[in-house]
Amino acid sequence: MSFQCIAVDDVVPQAWRNGGGQTRELLPWPSQGSWRLRISRADIAVDGPFSAFPGVTRWFTVVQGAGVALTLNGVRQELHCDGEALRFDGALAPDCRLLNGPTQDLNLMATSGDTTMTRVVPDVAWNAHWQMRGLYTAVAGLWRSSKEQCLVPAHNLLWQAQATADSDWTFSPESSAAGNAWWLGFTP
């Protein structure tokens, strides 16, 4: 299997300059410091503005916690862990308000190319026609393609840097409760 499995707990958190939280950079591609794609898990502890990332397409979703309210271009949008990911221009640096305590959030940012972050529907195939693709899951479960499968622990990123012809993927959470998991795709 040509995958990386990156556990959130194995990545050292970096505190934000404003003191409002911390980020764990799970995947910088092609390298840290000069990335074109960056996948990270953030812990937001207090209200405050996001950092601005001019020239970056950004996807954001709540992984755990009650959620956040983001204000983009004067419009307030509430995001919850059972909702869809939000795509926006990274230069906007929205104001963020916690709805009821700290949250854990997933970010996908790219300086070029095409990207996606979409919620997993358990046991329903995702047609993954991306040059690079992955799965982030907040719950343990079984990832499958037509050729292989593997157990993915909770709070892990399963990443394939060079896609194969095996494009349909499914994910089955171990628990019967709807799991929080997202498909991620990137074509430079």
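Which residues does His 155 touch, not counting residues up to four places away in sequence? In this predicted model, His 155 touches Ile 6, Ala 7, Val 8, Arg 41, Val 63, Gln 64, Gln 104, Tyr 136, Thr 137 and Ala 138 under that condition. The residue itself is placed in the loop between β16 and β17 (156–160). With one of these residues, Arg 41, the side chain of His 155 also shares a polar contact of 3.5 Å.

**Salt bridges**

Arg 41 has a charged partner as well: its side chain meets that of Asp 43 in a salt bridge. Arg 41 is buried, with a relative accessible area of 4%, and Asp 43 counts as buried at 15% relative accessibility. The count of salt bridges in the model comes to 6. The table lists three of the pairs.

| Residue | Partner | Closest N to O distance |
|---|---|---|
| Arg 38 | Glu 25 | 2.8 Å |
| Arg 41 | Asp 43 | 3.1 Å |
| Arg 144 | Asp 123 | 3.6 Å |

Arg 38 and Glu 25 form a salt bridge of 2.8 Å. Arg 38 belongs to strand β4 and Glu 25 to strand β3, so this pair ties together parts that are 13 residues apart in sequence. Both Arg 38 and Glu 25 are buried.

The salt bridge between Asp 123 and Arg 144 has its closest N and O atoms 3.6 Å apart. Because Asp 123 lies in the loop between β12 (114–119) and β13 while Arg 144 lies in strand β15, the pair ties together parts that are 21 residues apart in sequence. Arg 144 is partly exposed, its relative accessible area being 26%. In addition, Asp 47, Asp 95 and Arg 97 are joined into one network by salt bridges that share partners.

**A buried arginine without a salt bridge**

Arg 58, in strand β6 (residues 57–64), is buried yet has no salt bridge. Its nearest side chain of opposite charge is that of Asp 105, at 8.4 Å, whereas a salt bridge requires a nitrogen to oxygen distance within 4 Å. What the side chain of Arg 58 does make is a polar contact of 3.1 Å with the side chain of Asn 107. Residues up to four places away in sequence aside, Arg 58 touches Phe 50, Ser 51, Phe 53, Leu 86, Arg 87, Phe 88, Gly 90, Asn 107, Leu 108 and Met 109.

**The four-stranded sheet**

An open sheet of 4 strands follows the order β13-β18-β15-β16, with antiparallel pairing. β13 (126–127) and β16 stand at the edges with a single partner strand each, so one side of each is left without a neighbour in the sheet. At one edge, 2 bridges join β13 to strand β18 (residues 168–173), and Trp 126 has Trp 169 in β18 as its bridge partner.

At the other edge, strand β15 (residues 141–144) and β16 run antiparallel and are joined by 4 bridges. The connection between β15 and β16 is a hairpin through 4 residues. Arg 144, the partner of Asp 123 in the salt bridge described above, stands opposite Gln 149 in β16.

In a regular strand the side chains alternate between the two faces of the sheet. Strand β16 (residues 149–152) has a covered face with Cys 150 and Val 152, and an uncovered face with Gln 149 and Leu 151.

**Nonpolar cores**

The largest nonpolar core has 22 residues, of which Ile 39, Tyr 136, Leu 157 and Leu 184 touch the most other members. Elements giving two or more residues to this core are β3 (21–29), β4 (37–44), β6, β11 (103–110), β14 (132–137), β17 and β19 (181–187). Apart from this core lies another, of 14 residues, among them Val 120, Val 152, Leu 158 and Phe 171.

Leu 184 illustrates the surroundings of one core member. Neighbours within four places in sequence aside, its contacts include Ile 39, Tyr 136 and Leu 157, together with Leu 106, Leu 108, Trp 126 and Trp 159.

**An exposed loop residue**

Is Asp 82 buried or exposed? At 64% relative accessibility, Asp 82 counts as exposed. This residue is placed in the loop between β8 (75–79) and β9 (86–89). Asp 82 and Gln 64 are 18 residues apart in sequence, and their C-alpha atoms are 9.1 Å apart in space. Gln 64 is also one of the residues touched by His 155.

Terms used:
Residues are numbered from 1 along each chain as its sequence is written. This is a predicted model: local features need pLDDT of at least 70, side-chain atom pairs count only at pLDDT 80 or more; totals for chains, interfaces and linings use all residues. Side-chain values use heavy atoms; hydrogens and water are left out. Buried means under 20% relative accessible area, exposed over 50%, partly exposed in between (1.4 Å probe, protein chains only). Two strands pair if DSSP finds at least two bridges between them. Lys and Arg count as positive and Asp and Glu as negative; His and the chain ends are not counted. A polar contact is a pair of N or O atoms within 3.5 Å; within protein, one must be able to donate a hydrogen and the other to accept it, and residues adjacent in sequence count only if both atoms are side-chain atoms. Contact means heavy atoms within 4.5 Å. A nonpolar core is a set of buried Ala, Val, Leu, Ile, Met, Phe, Trp, Tyr and Cys residues joined through side-chain atoms within 4.5 Å.
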